[in-house]
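User: I keep running into words like "buried" and "salt bridge" when I look at a protein. Can you show me how each word gets earned?

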Amino acid sequence: MPAIMNHPPNLWHLHVYREVIALGSVTKAAADLGLTQPAASQALKGLADHYGASLTARSGDRIVSTQEGEILSVRGAVALNLLTEGLKEIAGMKANPAQMLRSMSARRLETLISIVRHGGFSGAARAEGYAAPTVHRAAKDLEKALGVTLFESTSHGVRPTKRAELLALKAGLAFAELRQAAAEIARAKGHEKGGTVIGAMPLARTHLAPAAVAAFSAAHPHHRVSIVDGAYEDLLIALRRGEADILVGALRENSAMKDIFEEPLFDDLLSVVMRPGHPAEKGALDRDVLTSFPWIAPRATSPLRVHFDAMFAALESPAPEDVIECNSLSAARVLLINSDRLMLLSDEQIRYEKAANMLVSRPHPVSNVARTIGLTMRRNWRPTAAQAALLAEIKHQARQAAR
């Protein structure tokens, strides 16, 4: 899963900054944290250099946040709270998260995230372009700094533990929040920056997402957008880890997942799709006709498969046995054009193929059957101004599709 990545700042520096702003004094913060005043000042400078912005100012006898600093204060507090939650959960209530932040580095946490994402040291090394010993050393240094077991030996090699997976999840979400801070700070300075990763499901990737991104990018050329596809399950994992920002496509009604929510955009009517000149293009589209031809069916785990099975159930007929399972429109297109196979899809999904007379469609044989297309997002995700504009454009394109 590609991610639009800005390396996070020094996490200890971020903690020092939060203490300075809370107490309004470098001297008081340094004393509370067991630092010298020059060390605390150096931490503030390091953080300001990382973001390329002035983060503090003096107001009377207090140190306060600048406009850019206030952005970091809000986003940084969320990030530090996520990390604190993760550290307490893996190390127990006796853990001292502040001390742990001081002894670990963001780069080591990034390595941990990669190890968890790729299932082990070797996969992380290949993905990140590092030598395996480098990844191994960074991981073990993190484990030692935290004083907890993050990796275990199995018959398949060294694997991350459940603790490692939990910390990687919290760290990934924290780093996503800090990327948002970097984008908003840049905007406050008059520069467009940042990025969005869209997980696009089959319908969304054929028109909705590309059309929205094309229109958005014309007005925001410096905001990087990645459209990624994949199985819904993989996209959902990426969303929950902070590796994707939004998912667009058929909703699943994941009410059991309290960390995400779904926003409906429009109902997508389903049709029976076939090649031009297909024997079923004319005449009645009844049970005898529909069961006399081979089909292309969605994967068993997709919402469209539910509608596929329900259609034959409504026709009081078992689903055909000559079925090819396929969720790839490009592959399905070839199969449809070169055979008498049928497929349950929507006109929105084949709008370009219909315009080019490559495919035709007929109304659903039972009734007006639709699936809900919408957005899936993390419940605590707060989009930047540019991301809000992108969401608005996706919703605009959805309204156009619903007409």
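Analyst: Here we go through some labels for this structure, one at a time. It is a predicted model, where local features need pLDDT of at least 70 and side-chain atom pairs count only at pLDDT 80 or more, while totals for chains, interfaces and linings use all residues. Residues are numbered from 1 along each chain as its sequence is written, and side-chain values use heavy atoms, leaving out hydrogens and water.

User: Why is E177 called buried?

Analyst: Buried means under 20% relative accessible area, exposed means over 50%, and partly exposed is in between (1.4 Å probe, protein chains only). E177 has a relative accessible area of 8%, so it counts as buried.

User: And what makes R382 partly exposed?

Analyst: R382 has 32% relative accessibility, which falls between the two cut-offs, so partly exposed is the right label.

User: How do you know that E177 and R382 form a salt bridge?

Analyst: A salt bridge needs a side-chain nitrogen of Lys or Arg within 4 Å of a carboxyl oxygen of Asp or Glu. In E177 and R382 the closest N and O atoms are 2.5 Å apart, so the pair passes. E177 sits in helix α9 and R382 in the loop between β13 and α16, 205 residues apart. Helices here are DSSP runs of H or I with at least four residues, strands are runs of E with at least two, and both are numbered from the N terminus.

User: What makes E263 and K395 a salt bridge?

Analyst: Their N to O distance is 3.0 Å, and the limit is 4 Å, so they qualify. E263 lies in strand β8 and K395 in helix α16, so the pair ties together parts 132 residues apart in sequence. E263 is at 24% and K395 at 27%, so each of them is partly exposed.

User: Why does D245 have no salt bridge?

Analyst: The nearest side chain of opposite charge, R378, is 4.2 Å away, and the cut-off is 4 Å, so D245 misses out. For charge, Lys and Arg count as positive and Asp and Glu as negative, while His and the chain ends are not counted. D245 is buried all the same, in the loop between α11 and β7.

User: What makes the link between D245 and V197 a polar contact?

Analyst: A polar contact is a pair of N or O atoms within 3.5 Å; within protein, one must be able to donate a hydrogen and the other to accept it, and residues adjacent in sequence count only if both atoms are side-chain atoms. The backbone nitrogen of V197 lies 2.8 Å from a polar atom of the D245 side chain, so the distance fits.

User: How do you know that the buried residues of α11 are on the same side?

Analyst: Y232, L235, L236, A238 and L239 are buried in α11. They cover an arc of only 160° around the axis, which puts them on the same side of α11. That arc is taken from the directions from the helix axis to the C-beta atoms.

User: Last one: what is the largest nonpolar core made of?

Analyst: A nonpolar core is a set of buried Ala, Val, Leu, Ile, Met, Phe, Trp, Tyr and Cys residues joined through side-chain atoms within 4.5 Å. The largest one has 58 residues, and L11, L72, L109, L112 and L146 touch the most other members. Helix α9 gives the most to this core, with 11 residues. A second, separate core has 28 residues, including V273 and L315.
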